[in-house]
Amino acid sequence: MEKSDIVIAADKIFRILPAGELRDLSLMERVIPCDGLCAFPGLIDQHAHILGGGGEQGFSSRVQELNAGEFFAAGVTTAVGLLGADGYTRSMECLYAKAKALEADGMTTYLYSGSYTLPVSVLTGSLTRDLLFVDKVIGAGEIAISDHRSSQPDLKELMKLGADAHLGGLLAGKAGVVHLHVGDGAQGLDLLFELVQKSDLPLGQFVPTHMNRSPFLFRQAVKYCRLGGNIDLTAGETAGIPVPRAIAVLLKEGVSLSNVTVSSDAGGSIPAGGVSGVQALYEDLRACIMQSVLAPREAIRLASEHVARILKLYPAKGAIAPGSDADILITDQDYRLQMLVCMGKILVENGCPVGQ
């Protein structure tokens with residue numbers, strides 16, 4: 001990697017200069033030596049149960065809310081909050097409030113309107129209005145298909161949902177994505193393949209997630225990606241196909257990784273027991289590097305630039321460039337987190353949360 005000096009002004013990256021060209025350091029409020037370290041865009045976790053999941057064993061198994069420190073420790077500077085199977089005891093209003101609380105702690109947050117079931121849960125009366133009038137809402141999700149916990153949507157319902165999201169996205173200048181939870185049902189992506197054939201909606205608008213949960217679903221994911229569709233892999237997967245192995249297969253199959261992202265599913269309950277953690281996102285990306293599956297920049301792009309482009313947040317997010325938000329992940333030569341800058345504020349330093 002080339003050596004550069006990054007100049008931050010307020011919450012933006014002001015300039016990037018070749019190392020040593022920044023002459024008058026007395027003009028800087030603070031100069032942080034980073035010799036021998038590597039800088040990447042802060043991670044974007046597009047699938048986070050910031051309120052916690054509903055649990056799989058009744059009320060006592062409800063998952064606790066996530067805190068900002070968990071995201072910072074995993075190199076995440078931006079998160080998209082969502083509701084899962086429990087869109088009943090947890091509401092869009094509470095999700096919005098939690099997103100604002102995380103924002104006050106230094107993160108950038110967005111939301112999907114909805115939960116597993118249809119009709120979609122909203123804040124303003126309709127999904128299109130949410131996209132228009134709620135700045136944080138950038139799409140619908142996580143809408144469940146091929147899952148016994150879903151509302152078993154048919155083609156017409158999914159097409160109508162996509163149309164509402166598409167129109168709202170166009171009018172508001174947002175992505176208007178439909179973030180789809182894909183369960184382990186026998187249909188897999190069949191409904192989405194049918195929608196692609198019979199609908200005029202943009203293929204890139206739909207983002208099916210958990211695509212590495214089983215070999216069967218992953219094979220469908222490869223097919224969908226070859227058509228030009230986006231797929232999202234879940235970090236920390238052990239029962240299915242771990243992220244590094246999934247990426248290796250995609251490369252072998254000649255699939256473009258620009259349509260591939262990775263998210264954490266943090267705070268989601270695992271049916272077999274346990275809770276998904278945000279740290280798995282960073283660990284899987286680092287594993288892709290350390291196992292020589294991908295070069296460092298390409299690995300980080302799976303949860304930064306690629307996500308930002310799909311969600312229409314690029315280049316404010318997912319880039320280290322003049323004018324981009326000052327969200328910077330700094331690692332050592334073994335790609336362990338050393339520093340994290342969120343919107344110009346240092347929140348992790350020397351590998352530890354600031355203030356602890």
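In helix 5, the buried residues are Leu 191, Leu 192, Phe 193 and Leu 195; buried means under 20% relative accessible area, exposed over 50%, and partly exposed in between, with a 1.4 Å probe and protein chains only. The model is predicted, so local features need pLDDT of at least 70 and side-chain atom pairs count only at pLDDT 80 or more, while totals for chains, interfaces and linings use all residues. Residues are numbered from 1 along each chain as its sequence is written, and side-chain values use heavy atoms, with hydrogens and water left out. Helices (H or I, at least four residues) and strands (E, at least two) are DSSP runs, numbered from the N terminus.

**Helices 5 and 6**

- The cover over the buried residues of helix 5 includes strand 7, helix 4, strand 8, strand 9 and helix 6, where contact means heavy atoms within 4.5 Å.
- Helix 6 (residues 215-226) has 12 residues, which at 1.5 Å a residue should span 16 Å, and its end C-alpha atoms are 17 Å apart, in agreement with that value. The expected span is 1.5 Å times one less than the number of residues.
- Buried positions in helix 6 are Leu 217, Phe 218, Gln 220, Ala 221, Val 222, Tyr 224 and Cys 225.
- These buried residues of helix 6 pack against strand 8 (177-182), helix 5 (190-198), strand 9 (206-209), strand 10 (231-234), helix 7 (243-252) and strand 11 (260-263).
- Gly 228, just after helix 6, has a positive phi of about 105 degrees.

**Buried charged side chains in loops**

- Arg 90 sits in the loop between strand 5 (76-81) and helix 2, and counts as buried because its relative accessibility is 7%.
- The Arg 90 side chain has two backbone oxygens as partners: that of Gly 52 at 3.2 Å, and that of Val 63, 3.0 Å from a polar atom of the side chain. A polar contact is a pair of N or O atoms within 3.5 Å; within protein, one must be able to donate a hydrogen and the other to accept it, and residues adjacent in sequence count only if both atoms are side-chain atoms.
- Apart from neighbours within four places in sequence, Arg 90 is in contact with Leu 51, Gly 52, Gly 53, Gly 54, Arg 62, Val 63 and Leu 83.
- Asp 327 belongs to the loop between helix 10 and strand 12; its relative accessible area of 4% is why Asp 327 counts as buried.
- A polar atom of the Asp 327 side chain lies 2.7 Å from the backbone nitrogen of Met 343.
- Outside the neighbours within four places in sequence, the contacts of Asp 327 are Phe 40, Pro 41, Gly 42, Thr 77, Thr 78, Lys 317, Val 341, Cys 342 and Met 343.

**Backbone geometry**

- Most residues other than glycine have a negative phi, and most peptide bonds are trans.
- Ala 10 has a positive phi near 60 degrees and lies in the loop between strand 1 (4-9) and strand 2 (12-18). With a relative accessible area of 69%, Ala 10 is exposed.
- Asp 265 also has a positive phi, near 60 degrees, in the loop between strand 11 and helix 8 (279-290). Asp 265 is buried, at a relative accessible area of 12%.
- The Gly 141 to Glu 142 peptide bond is cis, with omega near -20 degrees, and Glu 142 is in strand 7 (residues 137-145).
- Tyr 314 and Pro 315 are joined by a cis peptide bond with omega of about 5 degrees; Pro 315 is in the loop between helix 10 (305-310) and strand 12 (328-331).

**Surface patch**

- Leu 132, Phe 133, Leu 167 and Leu 171 make a nonpolar surface patch of about 390 Å².
- Patches are made of residues with over 30% relative accessible area and no salt bridge (like charges joined within 9 Å; nonpolar side chains, namely Val, Leu, Ile, Met, Phe, Trp and Tyr, within 5 Å). A salt bridge is a side-chain nitrogen of Lys or Arg within 4 Å of a carboxyl oxygen of Asp or Glu, and accessible areas come from the Shrake-Rupley method with a 1.4 Å probe, where for residues only the protein chains shown count as cover.
- At least two residues of the patch come from each of helix 3 (127-133) and helix 4 (155-172).
- Leu 167, in helix 4, counts as partly exposed at 42% relative accessibility.

**C-alpha separations**

- Cys 94, in helix 2 (residues 92-104), is partly exposed at 42% relative accessibility. Its C-alpha atom is 28 Å from that of Val 348, 254 residues apart along the chain.
- Val 249, in helix 7, is partly exposed with a relative accessible area of 32%. Val 249 and Val 293 are 44 residues apart in sequence and 9.8 Å apart in space, C-alpha to C-alpha.
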